[in-house]
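Please work through the following exercises with the sequence and the model at hand. Each task is followed by a solution set out in steps.

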Amino acid sequence: MAVHADLAPFVGLGIARGGGLLIGLERGWSQRGRADGERLAGLRTFALIGLFGGLCGLLMAQAGAAIVIAGVLVVAAAMLMGYRETVRVHRDLSLTSAVAAVVTFVVGVLSTQGQE
């Protein structure tokens, strides 16, 4: 299905957000036993990470790859800070959510890179 060129960025952002929602749904489900506020990231956080990746992907045409590198570093730093607290409070050494957040960001970037 062809997408009108004016709508392509919005379709890409929708895909980025949708991918983040799906990943967030899975991560939230896997951490469902924890009380509210004790999860590293869930549905809303992953949706925002996917959308952030999509926006960085769109901005890459003007700002270059540096915007994507900066974005992935921001996501990784935020997740590692949360991971550190999770380890401190729960003694849970799983890096799955932190890695999933970085992957979600990259998938968001890729979703806005259209095919010409």
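The exercises below concern a predicted model, and they proceed from the overall fold to individual side chains.

**Exercise 1. The fold as a whole**

Task: Determine how many helices and strands the protein chain holds, and describe its contacts and its surface.

Solution.
Step 1. The protein chain contains four helices and zero strands. Read along the sequence, the pattern is α-α-α-α.
Step 2. The protein chain has 116 residues, and buried residues account for 32% of them.
Step 3. Take the contacts between residues at least 6 apart in sequence: 69% of these join residues at least 24 apart.
Step 4. The exposed area of the protein chain is about 7400 Å², and carbon and sulfur atoms supply 67% of that area.

**Exercise 2. The largest nonpolar core**

Task: State which residues make up the largest nonpolar core and which helix gives the largest share of it.

Solution.
Step 1. The general expectation is that nonpolar side chains in soluble globular proteins tend to be buried together.
Step 2. In this model the largest nonpolar core has twelve residues: A41, F46, I49, C56, V68, V75, M79, A98, A100, A101, F105 and V109.
Step 3. Helices α2 (43–63), α3 and α4 each contribute at least two residues to this core. The largest share, five residues, belongs to α4.
Step 4. A100, one of the core residues, can be examined through its contacts. When neighbours within four places in sequence are set aside, A100 is in contact with I23, R27 and F46. F46 is itself a member of the core.

**Exercise 3. An aromatic pair**

Task: Identify which residues form an aromatic pair, give its geometry, and compare the burial of the two partners.

Solution.
Step 1. The count of aromatic pairs comes to one. F52 and F105 form this pair, with 5.4 Å from centre to centre and 50 degrees between the planes.
Step 2. An angle under 30 degrees would count as stacked and one over 60 as edge-to-face; the pair of F52 and F105 is tilted.
Step 3. F52 lies in helix α2 and F105 in helix α4, so the pair ties together parts that are 53 residues apart in sequence.
Step 4. F105 has a relative accessible area of 0% and is buried, whereas F52, at 32%, is partly exposed.
Step 5. Apart from residues up to four places away in sequence, F52 touches G71, V75 and F105. The C-alpha atoms of F52 and G71 are separated by 7.9 Å, and the two residues are 19 apart along the chain.

**Exercise 4. Two salt bridges**

Task: Locate the two salt bridges and classify each partner as buried, partly exposed or exposed.

Solution.
Step 1. The structure holds two salt bridges. In one, R27 pairs with E26, and their closest N and O atoms are 3.2 Å apart.
Step 2. R27 has a relative accessible area of 10%, and it is therefore buried, since the cut-off for buried is under 20%. E26, at 41%, counts as partly exposed.
Step 3. In the other salt bridge the side chains of R88 and E85 meet, at 2.4 Å from N to O.
Step 4. R88 and E85 are three residues apart in helix α3, so about one helical turn separates them.
Step 5. R88 is exposed at 53% relative accessible area, while E85 is partly exposed at 36%.

**Exercise 5. Nonpolar surface and helix α3**

Task: Describe which residues form the nonpolar surface patch, and then characterise L80 and A70.

Solution.
Step 1. L80, L95, V99, V103 and V107 make a nonpolar surface patch of about 400 Å².
Step 2. Helix α4 (residues 96–111) gives the largest share of the patch, three residues.
Step 3. L80 is located in helix α3 (residues 66–90). Its relative accessibility of 48% makes L80 partly exposed, because exposed requires over 50%.
Step 4. A70 also lies in helix α3. At 38% relative accessibility, A70 is likewise partly exposed.
Step 5. A70 is 14 residues from C56 in sequence, and their C-alpha atoms are 9.2 Å apart in space. C56 belongs to the largest nonpolar core.

How values were computed: Residues are numbered from 1 along each chain as its sequence is written. This is a predicted model: local features need pLDDT of at least 70, side-chain atom pairs count only at pLDDT 80 or more; totals for chains, interfaces and linings use all residues. Side-chain values use heavy atoms; hydrogens and water are left out. Patches are made of residues with over 30% relative accessible area and no salt bridge: like charges are joined within 9 Å, nonpolar side chains (Val, Leu, Ile, Met, Phe, Trp, Tyr) within 5 Å. Accessible areas come from the Shrake-Rupley method with a 1.4 Å probe; for residues, only the protein chains shown count as cover. A salt bridge is a side-chain nitrogen of Lys or Arg within 4 Å of a carboxyl oxygen of Asp or Glu. Buried means under 20% relative accessible area, exposed over 50%, partly exposed in between (1.4 Å probe, protein chains only). A nonpolar core is a set of buried Ala, Val, Leu, Ile, Met, Phe, Trp, Tyr and Cys residues joined through side-chain atoms within 4.5 Å. Contact means heavy atoms within 4.5 Å. Rings of Phe, Tyr and Trp (its six-membered ring) pair if their centres lie within 6.5 Å; planes under 30 degrees apart count as stacked, over 60 as edge-to-face and the rest as tilted.
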